[in-house]
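Hi everyone, thanks for coming. Let's walk through one protein together, and please have the picture in view while I talk.

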Amino acid sequence: MKIKELGHLVLYVRDVNRSAAFYRDVLRWRQVLPDPTASAPTQSRIPVAAFSAGPRTHHELLLIEVGEDAKRVPAGRRVGMYHFGLKVGDSDDELRKALAHITKAGVTIAGASDHTVTHSLYIHDPDGNEVELYIDVPGVDWKTDPTLVGAPIRPLRL
């Protein structure tokens, strides 16, 4: 067996409509399920929403509603997912545009890092899941020199 690629990520959320609005309207991810343009929304057994960035796969993110009484993501050191990354472009200009857009939408920046191979902004979704918005730094050849992936993290200067 050989893993070919990361196919998709599934998150439990308190309110699927609130979370779908964040990923669709704030992060501008294309929602594929349920179809947000349909005149009559389709009902499923479980409230879900799915998102796709394009033709590579049917969906990269699936949200499943578990209700407002679900426990929050615990802060600090814990076992489980730390964050997931979403590539928003290939230049600092594109990252600056993403920063301006999410700031205008009222999203708080939780962190910003220069990882040598990527420049990254960190935010939280409505349920506290951390999301990295990043660009691959042009001209950094991590394929030839994979040690660059482990380079020391520096503050990001956009």
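Let me begin with a question: in which sense do strand 2 and strand 3 pair, and over how many bridges? They pair in the antiparallel sense, and there are 3 bridges between them. Before I go on, please keep in mind that this is a predicted model.

Let's look at one of those bridges. Find Leu33, and then look across to strand 3, where its bridge partner is Ala50. Strand 3 has another neighbour as well: it pairs with strand 4, again in the antiparallel sense, over 4 bridges. There, Val48 stands opposite Ile64 of strand 4. Now move on to strand 1. It runs parallel to strand 4, and 5 bridges join the two. One of the residues to look for here is Val13, whose bridge partner in strand 4 is Glu65.

Put these pairings together and you have an open sheet of 4 strands, in the order 1-4-3-2, with mixed pairing. Which strands stand at the edges? They are strand 1 and strand 2, residues 30-33; each has a single partner strand, so one side of each is left without a neighbour in the sheet. On average, neighbouring strands here are turned by 30° against each other, if we ignore direction. Strand 4 is mostly covered, with 4 of its 5 residues buried.

Here is a general point to remember when you look at any sheet. In a regular strand, side chains alternate between the two faces of the sheet.

Next, the aromatic rings. The count comes to 5 aromatic pairs. Take Tyr23 and Phe51: their ring centres are 6.1 Å apart and their planes are at 50°, so we call the pair tilted. If you wonder about the two numbers, a pair of aromatic rings is described by the distance of the centres and the angle of the planes. Tyr23 belongs to helix 1, residues 16-26, while Phe51 belongs to strand 3, residues 48-52, so this pair ties together parts that are 28 residues apart in sequence. Are these two residues buried or exposed? Tyr23 is buried, at 0% relative accessible area, and Phe51 is buried at 0% too. Ring pairs also link Phe22, Tyr23, Trp29, Phe51 and Phe84 into a cluster.

Tyr23 and Phe51 come up again in the largest nonpolar core, which has 20 residues. They are among the residues with the most contacts inside it, along with Leu27, Leu63 and Ile123. Several elements give two or more residues to this core, including strand 1, helix 1, strand 3 and strand 4. Which element gives the most? That is helix 1, with 5 residues. There is also a second, separate core of 5 residues, and Leu95, Leu121, Ile135 and Val137 are in it.

Stay with helix 1 for a moment and find Ala20, which lies in it. Ala20 counts as buried, at 4% relative accessibility. The C-alpha atoms of Ala20 and Leu63 are separated by 7.6 Å, although these residues are 43 residues apart along the chain. Leaving out residues up to four places away in sequence, Ala20 touches Asp25, Gln31, Ala49, Phe51 and Leu63.

Now a charged-looking name in the loop between strand 1 and helix 1: Arg14. Is Arg14 buried or exposed? At 11% relative accessibility, Arg14 counts as buried, because the cut-off for buried is under 20%. A polar atom of its side chain lies 3.4 Å from the backbone oxygen of Glu68. Arg14 is also in contact with others further along the chain, among them Glu65, Gly67, Lys71 and Asp127.

Last stop: strand 7, residues 118-124, where 6 of the 7 residues are buried. Strand 6 pairs with strand 7 in the antiparallel sense over 4 bridges, and Asp114 stands opposite His119. These two strands form a hairpin with 3 residues between them, and Thr116 in the turn has a positive phi of about 70°. On to strand 8, which runs antiparallel to strand 7 and is joined to it by 7 bridges. Look for Tyr122 there, standing opposite Glu132. This second hairpin has 5 residues between its strands, and Gly128 takes a positive phi near 90°.

That's my tour, so thanks for listening!

How values were computed: Residues numbered from 1 in each chain as written. Predicted model: local features only at pLDDT ≥ 70, side-chain atom pairs only at ≥ 80, totals over all residues. Heavy atoms only, no water. Phe/Tyr/Trp six-rings, centres within 6.5 Å; stacked < 30°, edge-to-face > 60°. Buried < 20%, exposed > 50% of the residue type's maximum accessible area, 1.4 Å probe, protein only. Core = buried A, V, L, I, M, F, W, Y, C linked by side-chain atoms within 4.5 Å. Pairing = 2+ DSSP bridges. Axes fitted to C-alpha atoms, helices over the stretch in contact; angles between N-to-C directions. Contact = heavy atoms within 4.5 Å. Polar contact = N/O pair within 3.5 Å; in protein donor to acceptor, adjacent residues only side chain to side chain.
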